[in-house]
Amino acid sequence: MSSLPFIPSIVDGANLEETGRATFDAIDPATGLVTARAVEANGADIDHAVAAAKRAVAGSWGRSTATERVAMLRRIAAGIRARAAAFVAAEVLDTGKPVALASALDIPRGAANFDIYADLLAAEHEEVWRDERADGTRALHYSHRRPIGVVAVVCPWNLPFLLMTWKVAPALACGNAVIVKPSEETPRTAALLAEVMRDAGLPDGVYQVVQGFGPGSAGELLTSHPGVDAITFTGESRTGEAIMRAAASGLRPVSFELGGKNAAIIFADADLDAAIKGTARSVMLNSGQICLCTERILVQRSVYDRFVEGLAAEMRSWKAGDPHDPATQLGPLISAGHRDKVMGYAAAAIRDGGAALVGGGIPNLQAPWSGGFYMEPTLWTGLADDAACVREEVFGPVCAVTPFDSEEEAVARANASEYGLCAAIWTRDVGRAHRVAAAVDAGMVWINTWYLRDLRTPFGGTKRSGIGREGGRHSFDFYSEIKTIALRLDDTSSR
Ligand code: NAD
């Protein structure tokens, strides 16, 4: 046990010692083996982190110019790229996701988050209004962005580095200090990023990492700390409710990216091959553990059989196993507990009258992957819209497919969800594409594609899928306070 490496919490520029602190296991989901122990931050550590963050915002970092921060963000992006292999290895070990995915998506996108906010910050300009009144009053009104202060960044385990940097980059662009609480399942990449930050010359206290759990641990201690000025959170909708209660004390602003139960709508006039491949990817990428993954598929009746047959073949073809093998497409679920939850849904689907046309079980893999938390991609048919697997977010490589007859029916059923994160529409009719995209109640709609994201665009969900929009310049609205200054221009001496 003692030979296992420690993954630190990082407070005020120092790695916290494991002596005298609780530690918890980092488990490789691909094997089920303990690979390291993470050092949990306690209440005194959180107090220390908040005080250090406040000092950083009051000090040189809070007074830095936009030009200096642009240069800092670019150094951080370069630092991540220089250590890309280490970040990929850490992410694969924490999540079990295929190395091909971590190398193509998670890590480069994490670096890109810093570059895009460097670009946006460099292009940022202030709003100016010239005020000229009949009585001769002349004034200039201009707005000026200030940092909001200490930002708590509470992260999930599914895209740990990508989603964390997506918050940290704009928060730093605005001159804030961040305290990151990575998921207890995935402590590595946040700690590794602290090394990049140090090398880039970021002052102590600007980027800190507190490892631990949610309730009663670092997550709750951080979000309920009165010194935290704003909370940005990505995770489950129910956790969002708990964090919102904590944020109510002190009226701290929140930005939430929460769960989804995303629909794909396949019209009969779609390019069916593209729709099948695209939808299969949207079900299985990251083993279905992306908030944007499709779990409900509505298919126009005349192409239903062909679509389901094609989707089933595609889902059977994805290769599961060793995440370090570049050919592997499907990794494990994040934990034994999460797989139990998803398998519970698989049992419920059958109880509710559904059939598993594909999967539904645990794949037969060789050791050491047989110890991992793998699950077969699973396609259910025959489920009614009120079945748990059709209503609730499962967060695994699963989907429920049903036929529909009319466009109105498809839209109504897609919208009959308490979530509203995203949707995908597959059709060659451009009029219908725009009509349905406008009618679907979701923060994002993809037409003939899925997960095609431009980092400059707003991102977020409706209903239980989130509060607020981040992405592009929209993030600046959350991570800064705008002050308006009015300057009188006319000669007031004679009045
Ligand atoms: P989770 O809510 O269980 O945990 C997320 C983070 O919150 C973890 O760091 C956890 O320790 C912390 N936490 C838990 N309880 C807390 C509390 N009471 N106070 C403070 N912190 C607390 O979510 P998860 O299981 O890690 O992630 C999966 C969920 O995230 C899914 O629902 C998924 O849809 C959602 N998600 C949404 C988006 C989006 O952009 N909308 C993106 C990714 C994931």
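**Notebook: helices, rings and cores**

I started with helix α5: at 1.5 Å a residue its 14 residues should span 20 Å, and the end C-alpha atoms are indeed 20 Å apart, so the two agree. Note to self: this is a predicted model, so I'm reading computed values throughout. Next I looked up how covered α5 is, and 14 of its 14 residues turn out to be buried. Right after α5 comes G175, and its phi is positive, near 90 degrees.

**Another helix**

I tried the length check again on α9, residues 272-284. This helix has 13 residues and reaches 18 Å from first C-alpha to last, close to the 18 Å expected at 1.5 Å a residue. Which residues of α9 are buried? I wrote down L272, A275, I276, G278, T279, A280, S282, V283 and M284. Then I looked for what covers those buried residues of α9, and my list includes β13 (262-266), β14 (294-300), α10, β17 and β19 (422-426).

**Rings**

I went on to aromatic pairs and got a count of 9. For F87 and F161, the ring centres are 4.7 Å apart and the planes sit at 35 degrees; stacked needs under 30 and edge-to-face over 60, so this pair is tilted. F87 is in helix α3 (residues 84-95) and F161 is in helix α5 (residues 160-173), so the pair ties together parts 74 residues apart in sequence. Both F87 and F161 are buried.

W157 and F395 make another aromatic pair, edge-to-face this time, with 5.5 Å centre to centre and 70 degrees between the planes. I found W157 in the loop between β8 (150-154) and α5, and F395 in the loop between α12 (388-391) and β17 (398-404), so this pair ties together parts that are 238 residues apart in sequence. Buried means under 20% relative accessible area. W157 has 17%, so I call W157 buried. F395 has 12%, so F395 counts as buried too.

One more ring: R432 lies over the face of F267, at 4.3 Å from the ring centre.

**Cores**

I then looked up the largest nonpolar core, which has 103 residues; L193, Y207 and L292 have the most contacts inside it. Helix α4 (residues 99-123) gives the largest share of this core, 12 residues. Where does the core lie relative to domain 1 and domain 2? Domain 1 (6-258 + 465-483) and domain 2 (262-447) both give residues to this core, so it lies between them.

I picked Y207 for a closer look. Not counting residues up to four places away in sequence, Y207 touches M164, V168, V178, V180, A190, L193, A194, M197 and L202. Apart from the largest core lies another one, of 25 residues, with V150, A152, L222 and V228 among them.

**Two single residues**

S335 is in the loop between α10 (304-317) and α11 (336-351). Is S335 buried or exposed? Its relative accessibility is 13%, so S335 counts as buried. Leaving aside neighbours within four places in sequence, S335 is in contact with E185 and F373.

T462 came last. T462 lies in strand β21 (residues 462-463), and with a relative accessible area of 18% T462 is buried. Not counting residues up to four places away in sequence, T462 touches Y419, G420, D441, A442, G443 and R469. I also checked T462 against T484, 22 residues apart along the chain, and their C-alpha atoms are separated by 30 Å.

Technical notes. Residues are numbered from 1 along each chain as its sequence is written. This is a predicted model: local features need pLDDT of at least 70, side-chain atom pairs count only at pLDDT 80 or more; totals for chains, interfaces and linings use all residues. Side-chain values use heavy atoms; hydrogens and water are left out. Rings of Phe, Tyr and Trp (its six-membered ring) pair if their centres lie within 6.5 Å; planes under 30 degrees apart count as stacked, over 60 as edge-to-face and the rest as tilted. Helices (H or I, at least four residues) and strands (E, at least two) are DSSP runs, numbered from the N terminus. Buried means under 20% relative accessible area, exposed over 50%, partly exposed in between (1.4 Å probe, protein chains only). A charge sits over a ring if NZ of Lys or CZ of Arg is within 6 Å of the ring centre and within 35 degrees of the ring normal. A nonpolar core is a set of buried Ala, Val, Leu, Ile, Met, Phe, Trp, Tyr and Cys residues joined through side-chain atoms within 4.5 Å. Domain bounds come from an automatic or database domain assignment. Contact means heavy atoms within 4.5 Å. The expected span of a helix is 1.5 Å times one less than its number of residues.
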